[in-house]
Amino acid sequence: MDASIQAHVEVDLNAIQANAASIKAHTGGQLVAVVKADAYGHGAIPVAEALRTIADMFAVATVAEAIELREAGIQEPILILFSPLPGFAEDIVAYRLTPAVDNFTLAQKLNKVVEDSKSRSQQASTEKVKVHVDVNTGINRCGIRYTEAAAFLKKLNTLPHLEVEGIFTHFATADEADKSFAHVQLNRFFSVLTNVPNVRIKHAANSAATLAIPESHLGTVRPGLSLYGIYPANEKPIPLQPALTWKARVGWIDFVQQGEGVSYGLTYHAPSRTRVAGIQVGFGDGYPRPLSGVGEVLIGGKRCPIIGLICMDIMVVQLESSDNVAVGDEVVLIGKQGSEEITIYEVANRANTIPYEILTSIAKRVNRIYS
Ligand SMILES: *Cc1c(COP(=O)(O)O)cnc(C)c1O
């Protein structure tokens with residue numbers, strides 16, 4: 001089946017490579033490429049393969065996401081951004097993953113897994129488990145509290161099979177115009193760093209800080225969203241290219257008569273005889289239902305308003321009677337068509353959410369096509 005005749009997403013891997021290269025040129029340091037949540041909906045495996053020669057490390061949220069990359073042949077270091085439960089220790093060692101650690105229970109369990117494997121086999125690798133300590137400097141969602149971090153590192157150093165390769169923190173408000181709390185967090189992190197001089201890799205900057213807070217770069221940055229060509233805030237110091245276009249096809253065209261309703265609940269009534277098109281995309285594909293009666297799509301290079309409620313699998317848009325539109329024509333939900341563009345910022349704003357949620361909601365049944 002030709003995947004492009006149904007709703008699909010086109011991912012421009014060259015754009016992602018170019019964005020990663022511009023970010024590296026902007027910071028002049030190492031890049032931890034965040035490919036969690038299936039690379040923000042772009043596909044973790046193809047994105048990681050495309051970034052292999054540019055990224056110094058990959059980062060994901062879960063052990064399962066990291067194993068998926070390892071099984072696809074990605075050999076580069078993989079950081080797990082959130083300290084996993086101790087039950088994941090065997091997998092972390094077996095797949096040579098680099099977990100964030102924010103508690104001694106996980107650290108001890110990792111140490112014990114290596115210890116046990118050594119006592120079972122003489123040939124067992126002598127490699128230590130590399131970990132990055134997650135320091136909570138104020139986001140208060142995970143991490144070891146900054147006031148306790150130096151003592152925690154000392155304790156970790158008593159474990160012979162563990163190597164504290166990195167230490168990091170995460171900003172709560174780097175995407176806001178007011179950077180004062182980001183600087184409070186950064187200063188807390190600096191105060192920890194002065195007490196732990198031997199840790200090789202230090203990092204703090206998400207996309208917002210990578211773009212707008214140079215003091216946070218620390219030789220290594222950890223962006224996600226910006227790799228995919230999307231700005232987290234208004235600051236745009238470097239050019240980025242959006243990598244994703246979401247397309248569908250016109251599936252049905254008809255006229256509804258004056259006064260007739262459209263879609264579930266018949267919430268839209270045609271004020272006069274109206275030409276409409278059915279597009280086979282809905283909230284089951286991750287298209288946001290709040291765009292019912294609010295959003296627009298592009299057909300023939302023109303904006304067409306979505307009318308009535310968006311269904312799970314289909315939605316209806318309004319055409320002009322004079323539009324030269326036929327079943328099978330291309331529809332753009334996010335991206336460019338002719339001289340028009342619907343940006344992800346527009347879609348997210350109208351759905352009262354953020355680009356991150358739009359991207360990570362695009363369903364598995366929407367094929368990804370790569371170029
Ligand atoms: C998701 C995440 C990032 C990347 O954030 P962006 O805003 O997408 O750049 C970096 N660090 C941590 C800990 C994260 O959870």
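**Group meeting: one chain, from its charges to single residues**

The chain carries 33 positive and 38 negative side chains, and the centres of these two sets lie 6 Å apart; here Lys and Arg count as positive and Asp and Glu as negative, with His and the chain ends not counted, and the place of a charge is NZ of Lys, CZ of Arg, CG of Asp or CD of Glu. Before I go on, please keep in mind that this is a predicted model, in which local features need pLDDT of at least 70 and side-chain atom pairs count only at pLDDT 80 or more, while totals for chains, interfaces and linings use all residues. Residues are numbered from 1 along each chain as its sequence is written, and side-chain values use heavy atoms, with hydrogens and water left out.

Let me turn to the overall picture. The C-alpha trace spans about 80 × 50 × 35 Å along its principal axes, and the secondary structure comes to eleven helices and 20 strands, taken as DSSP runs numbered from the N terminus (helices H or I, at least four residues; strands E, at least two). Of the 371 residues, 51% count as buried, where buried means under 20% relative accessible area, exposed over 50%, and partly exposed in between, with a 1.4 Å probe and protein chains only. The chain exposes about 16400 Å², of which carbon and sulfur atoms supply 50%; the areas come from the Shrake-Rupley method with a 1.4 Å probe, and for residues only the protein chains shown count as cover. If we take contacts (heavy atoms within 4.5 Å) between residues at least 6 apart in sequence, 64% of them join residues at least 24 apart.

Now to helix α6, residues 104–120. How far apart are its end C-alpha atoms? They are 24 Å apart, which agrees with the 24 Å that its 17 residues should span at 1.5 Å a residue, since the expected span is 1.5 Å times one less than the number of residues. At the N-terminal end of α6, asparagine 103 acts as a cap, with a side-chain oxygen 3.2 Å from the backbone nitrogen of threonine 105. The buried residues of α6 include Phe104, Leu106, Leu110 and Val114, and what covers the buried residues of this helix includes α5, β5, β6, α7 and β8.

Histidine 203, in strand β9 (residues 201–203), is buried, with a relative accessible area of 0%. Its side chain makes a polar contact of 3.0 Å with that of histidine 132, a polar contact being a pair of N or O atoms within 3.5 Å where, within protein, one must be able to donate a hydrogen and the other to accept it, and where residues adjacent in sequence count only if both atoms are side-chain atoms. Leaving aside neighbours within four places in sequence, the residues in contact with histidine 203 include Leu79, Ile167, Phe189 and Arg222.

Ile167 also touches leucine 193, as does Lys202, not counting residues up to four places away in sequence. Leucine 193 lies in helix α8 (residues 180–193) and counts as buried at 12% relative accessibility. From leucine 193 to arginine 275 is 64 Å, C-alpha to C-alpha, with their positions 82 residues apart in sequence.

Finally, two residues in helix α2 (residues 36–40) deserve a look. Alanine 37 is placed there and has a positive phi of about 50° although it is not a glycine; at 33% relative accessibility, alanine 37 counts as partly exposed. Tyrosine 40, also found in α2, has a positive phi of about 50° and is likewise not a glycine, but tyrosine 40 counts as buried at 6% relative accessibility.
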